[in-house]
Amino acid sequence: MTAMNPKILPGRPVIRQLDEAAINRIAAGEVVERPASAVKELVENALDAGARRIDIAYADGGKTLIRVSDDGCGMTADDLPLALSRHATSKIDGSDLLNIRSFGFRGEALPSLGAVGRLKITSRAEDAEAAGIAVAGGRIAPVRPAALTRGTVVELRDLFYATPARLKFLRSDRAEAQAIKDVVQRLAMAEPHVGFTLRDVTGGGEGKPILRADAEQGELFDALGQRLRTLIGAEFADNALAIDAEREGIRLTGFAALPTYSRGAAIEQFLFVNGRPVRDKLLIGALRAAYMDVLSRDRHPAAVLNLTCDPERVDVNAHPAKAEVRFREPGVARGLIVSGLRHALAEAGHRASSTVAGATLGAMRPEPSAGGVPRIYQMDRPSQTALRMAHAAQAPLAPELAEATARFERPTAPLPVEESAEQHPLGAARAQVHENYIIAQTATGLVIVDQHAAHERLVYERLKRQRAESGVAAQALLIPEIAELSPGDAQLLLDHATTLAGLGLTIEPFGGGAVAVRETPALLGEVNATALLKDILDELHDAGDSQRLQGRIDAVLSRMACHGSIRSGRRMQADEMNALLREMERTPLSGQCNHGRPTYVELKLTDIERLFGRT
């Protein structure tokens, strides 16, 4: 049998080498999605050049002009043509792609920008003359002498003029300008010792300043704290906890806000890996898990966190725009974020939203829903078993909560009025108003405590300690529930069977992709085991770990604590109020209730005097 000659096949595709212009435009499509992407690449180049001051200007949302000026090391006339050739860089050794310590390393940004826009570079290195080069639509002009004191100025005009179809996918000028601001803001957080200026020069002239952050001085934590105060605001800085934790060679630093300072969307979550801004699902999931026990589901934590590790332990080349990373040991990175944040929140103890009453009251103010009805903080509806336990907690001799509430119910001799308030952070109780709020005097002002919210947190923490000591009670199913899954999903669940058993969920293999559920947590009452397993699987696939089951159990314990705590409208004696204050000072996370609202407000004497015009 004679083989058919492929040359005679009609319509056979022919393999051929793409020309340089097409290659650069394809690369631009991967790296430069919008004007903000171009700004990111150019500012990162400036940072890699050692700049201490970077000025960014744009017009029409970056569509017609982007100009980045820096005072970095600059380039010589011989360097400029190389900078515009693909895969040419001074930032890495070509033989070592794992030890990457710079922002840019692919050598694609400048040639990609020159392929889809009109690019002009003017630069001057030390002990060299300034020079300039221009490229438009991939066509490079000769190097020419230029005038520049130091550093580099990169000017990009008419982005995507060479690929006009891309312009149709850009958003409005305002939306593109906001994206540019977001990029510059994140890079300014990553480098607090570098000064940044962002201006909108639409219409010509000096333009309108959009963002200005002068270079901060001092150690990293001090510099970052001041930079965040400038970029995010004083309220975040006043409510933020410094984070510094380390595990197995990975270090976590930054600032995380108290639960009482939370947002309705994830708009104040800034994550970095070795100083590189990233949007990584693993890290975002870990941040959410760390706050799971102190925030209601519709609230989002605020944090600025940087993970630092050996570059060889993280792959920053997993995404063309380097927006995602891949850790060699993802479980270590995730565990560090969860444990580091939880430890910091626990150490904050009874600290509430802010010592400034206005900021705290603003955090407490309910947000109206679309229908104008105030938002109600409410956990999942508990099972009948949980309700019976909660109702039993109200009984005088309820064993589950008798110890937790006895100290506030037991009559004791009232504390002497002359006891010094300076002995206690939350002061000494002086009065109760509206049968719900405790007024306590401190050395520097006064504290107003929501008695129900505070005691709810105290009882909740006690219930969690009891659960940790005795485990989660499981109820055996009369007939095991069989969940039909894929073999891979079934194995993934069975790999975590020991952890799930510790939470009262016992599973066994049942052949093929089936899993048999033998026991479920008693606190949850009747559950749809198959649906629960699928929810757990979703989290395991997404984040490598699951907090779904523990979250549901914690929600029930939270509801039990609510029913078992001191109710609003109940009169309290001085010794009861002071016992509550002392317990708050000893209990982690007592500064916020189970849903993330503050349990107390502190008014400094200076705040009170300002109210009465005494300053």
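A residue is called buried here when its relative accessible area is under 20%, exposed when over 50%, and partly exposed in between (1.4 Å probe, protein chains only). By that yardstick Arg313 comes out as buried, at 16% relative accessibility, while Glu329 is partly exposed at 29%. The structure is a predicted model, so local features need pLDDT of at least 70 and side-chain atom pairs count only at pLDDT 80 or more, whereas totals for chains, interfaces and linings use all residues. Numbering runs from 1 along each chain as its sequence is written, and side-chain values use heavy atoms, with hydrogens and water left out.

Salt bridges (a side-chain nitrogen of Lys or Arg within 4 Å of a carboxyl oxygen of Asp or Glu) number 26 across the whole structure. One of them joins Arg67 to Glu155 at 3.6 Å, N to O. This pair ties together distant parts of the chain, with Arg67 in strand 2 (residues 65-70) and Glu155 in strand 7 (residues 151-157), 88 residues apart; strands (E, at least two residues) and helices (H or I, at least four) are DSSP runs numbered from the N terminus. Glu155, buried at 19%, also meets Arg157 in a salt bridge of 3.1 Å, N to O, and Arg157 is partly exposed at 37%. Arg313 and Glu329 make another salt bridge, with their closest N and O atoms 2.9 Å apart. Elsewhere, Arg53, Arg212 and Asp214 are linked in a salt-bridge network.

Turning to the interior, the largest nonpolar core (buried Ala, Val, Leu, Ile, Met, Phe, Trp, Tyr and Cys residues joined through side-chain atoms within 4.5 Å) has 58 residues, and Ile54, Phe196 and Phe236 have the most contacts inside it. Helix 5 supplies the largest share of this core, nine residues. A second, separate core holds 37 residues, among them Ile250 and Val314. Helix 5 (residues 173-190) is also home to Gln185, which is buried at 14%. Beyond its neighbours within four places in sequence, Gln185 is in contact (heavy atoms within 4.5 Å) with Leu211, Leu231 and Phe270.

Glu461 sits in helix 13 (residues 451-470) and is buried too, at 8% relative accessibility. Leaving out residues up to four places away in sequence, Glu461 touches Asp293, Thr587, Pro588 and Leu589. The C-alpha atoms of Glu461 and Ala561 are 8.7 Å apart, although 100 residues separate the two in sequence.
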